[in-house]
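User: I would like to go through this model by way of its sheets and two of its residues. Please keep each answer short.

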Amino acid sequence: MDITAHMHTLGRQARTASRAMARADGATRNRALLLIAEAIEREADALRSANGQDMDAARASGLAPAMLDRLALSSAAIATMVTGLRQIAELPDPIGEISNMKVRPTGIQVGQMRVPLGVIGIIYEARPNVTVDAAGLCIKSGNAAILRGGSEAIHCNRALAKLVAEGLQEAGLPLEAVQVVDTTDRAAVGALITMPQYVDVIVPRGGKGLIARLMEESTVPMIKHLDGICHVYIDAKADLEKALPVAFNAKCHRYGTCNTMETLLVSREIAPAVLPRLAQLYQTKEVELRADPESFAILAGYPHLVAATDEDWSTEYLAPILAVKIVAGIDEAIDHINTYSSKHTDAIITEDFSGAMRFLKEVDSASVMVNASTRFADGFEYGLGAEIGISNDKLHARGPVGLEGLTSLKYVVFGHGEIRQ
C-alpha cells in the first residue's frame, strides 16, 4: 500500500463528507448517534471478543500496565460509551447558532455564527473508547473525522468502525464522515499531520513521545496537552475528612490517566496530622512515596518511602508512585504548581473561601478545583457528553474539549441595502 496516497484519498473523502455534515440538520446527526449506540449495545459481546484479541497481543508484547488499563474494554466501559453517545444526542445543537447580535449606527446587524471546524484528525493510543467518543462528538458538531488509533487496539477499532459506519448509513449521512485508518503503519500518522489541504485540526491523544513528535512535525494546527502533572494541595484550613478521600482518589482511582494526581503538596501546619493517615491509605495500594526531606521525616517507617529528587516534581508517573512535598502555605503551593505543573488540572483542599478563590485565579491550569478529586477533569464528568481530548493551550479550546471546542465562530452581517459612506 502507498500510505501517502491512501491517506490523501481519506483526506479528500473527508473534505467532501465535511460539507455534507455541515449541511445535515441536527435531527439527522442525532439519529446517527442513537443508531450507533444501539449497534454497540447489540454487538457488546463481539466488541469484548475483539478487545480480547488486542489484550492478548498486548500482554504478549509486554505492553506497560498503564497502557493495558487504557486498552481494556470492560462491560462498564461499553455501557459508558453508549451513555456518552446518548448524552451527546441530547445536547443542544451548536451548529448555526447566532449570538452577540448588535445593531450598528449604519443600520447593519453584526453577530457571530457557530460553525464546524471541518475535518478533524484524531491520533490516539490503546484507547478504543476514543473511537466512539471522537466519532460521536464530530458527528454532533457537523465535522468529518479521520481516526488513527494505536496498533494495540486494531481489532477493536475495526469492529467499532463498522458499527459507526452502520449508524451513519442508516441515518443517511456519508460513510466517509468517520473514517478509521485501517493500517498499523506509522507512516499514516506522518501523512495525516501534513495534509493541511484536507485536515483542519489534529487532536493527539497519547503518550508524551507521540505528542512531542507531532508538535515537531505537524503542519496542521493541534488541540493537545503534552502530559498530565496534576497536583493536590492540602491547605492548613482543610477539612481532613474531605482531604483524605480526595487525595486518595486523585492518586489511586486509576494510575494511567492524565488527570491522576502526581504530586501532593501539604501545608506545613497540617502535615504531621494528615501525612501519616494518608500513608496508611496509600499503603493499601502499595503506592511508592517520593518525599522531600520534611515529609520523609514524618513518614519514616512507611514501607515504600523514597527520597525525592528534583526530577520527581516534573514527572508524570502513570503508576503507583506519588511525589510528596511540604510547603509553607498557599503562596509556596501556587508557586510550586505554576513552576512544575503541566497546566492540566490542579486542586486545593480548604475551607478558606478567600484562599480557594486565590487558588482558582492564580493557578494557571486548564482545570482548577476546590475540594474535589482531579479525576473529575473529564468531558463526561463535566457534562459535555464525552470529550475528544484535553487542551492545556490557551487559544481556541482549553480543558476538556467537547462540542464547542470542535466548532468555530464566524461573523455574519444582516443588512437592508446599506452602503458604506
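Analyst: Helices and strands are DSSP runs numbered from the N terminus, helices having at least four residues and strands at least two. The model is a predicted one.

User: Where is the place of Arg127?
Analyst: Two elements flank this residue, β3 (119–124) and α6 (128–140). Arg127 has its place in the loop between β3 and α6.

User: Is Arg127 buried or exposed?
Analyst: Leaving aside residues up to four places away in sequence, Arg127 touches Arg70, Arg205, Gly256 and Thr257. Its relative accessibility is 15%. Buried means under 20% relative accessible area. Arg127 therefore counts as buried.

User: In what order do the seven strands form an open sheet?
Analyst: The pairing in this sheet is parallel. Its edge strands, each pairing on one side only, are β10 (305–307) and β13 (367–370). Neighbouring strands are turned against each other by 20° on average, direction ignored. The order is β10-β9-β11-β8-β7-β12-β13.

User: Which residue in β13 does Asp346 stand opposite?
Analyst: Strand β12 covers residues 345–349 and pairs with β13 in the parallel sense over four bridges. Opposite Asp346, in β13, stands Val368.

User: At about what angle to β13 does helix α14 run?
Analyst: Helix α14 comprises residues 353–362 and lies across β7, β12 and β13. Its angle to β13 is about 170°.

User: What is the relative accessible area of Phe359, and is it buried or exposed?
Analyst: Phe359 has its place in helix α14. Not counting residues up to four places away in sequence, Phe359 touches Tyr233, Ile330, Ile334, Ile337, Asp346, Ala347, Ile348, Val368 and Met369. Among these contacts are both Asp346 and Val368, and Asp346 stands opposite Val368 in β13. Phe359 is buried, with a relative accessible area of 0%.

User: Which strands does helix α10 lie across?
Analyst: Helix α10 is made up of residues 240–252 and runs at about 155° to β8. The strands it lies across are β7 (230–234), β8 (261–267), β11 (321–327) and β12.

User: What is the order of the open sheet of three strands?
Analyst: Pairing in this sheet is antiparallel. The edge strands are β1 (98–103) and β16 (407–414), each of which pairs on one side only. The order is β1-β2-β16.

User: Which residue in β2 does Lys102 stand opposite?
Analyst: Strand β2 (residues 109–116) runs antiparallel to β1, and four bridges join the two. The residue opposite Lys102 in β2 is Val110.

Definitions and conventions:
Residues numbered from 1 in each chain as written. Predicted model: local features only at pLDDT ≥ 70, side-chain atom pairs only at ≥ 80, totals over all residues. Heavy atoms only, no water. Pairing = 2+ DSSP bridges. Axes fitted to C-alpha atoms, helices over the stretch in contact; angles between N-to-C directions. Contact = heavy atoms within 4.5 Å. Buried < 20%, exposed > 50% of the residue type's maximum accessible area, 1.4 Å probe, protein only.
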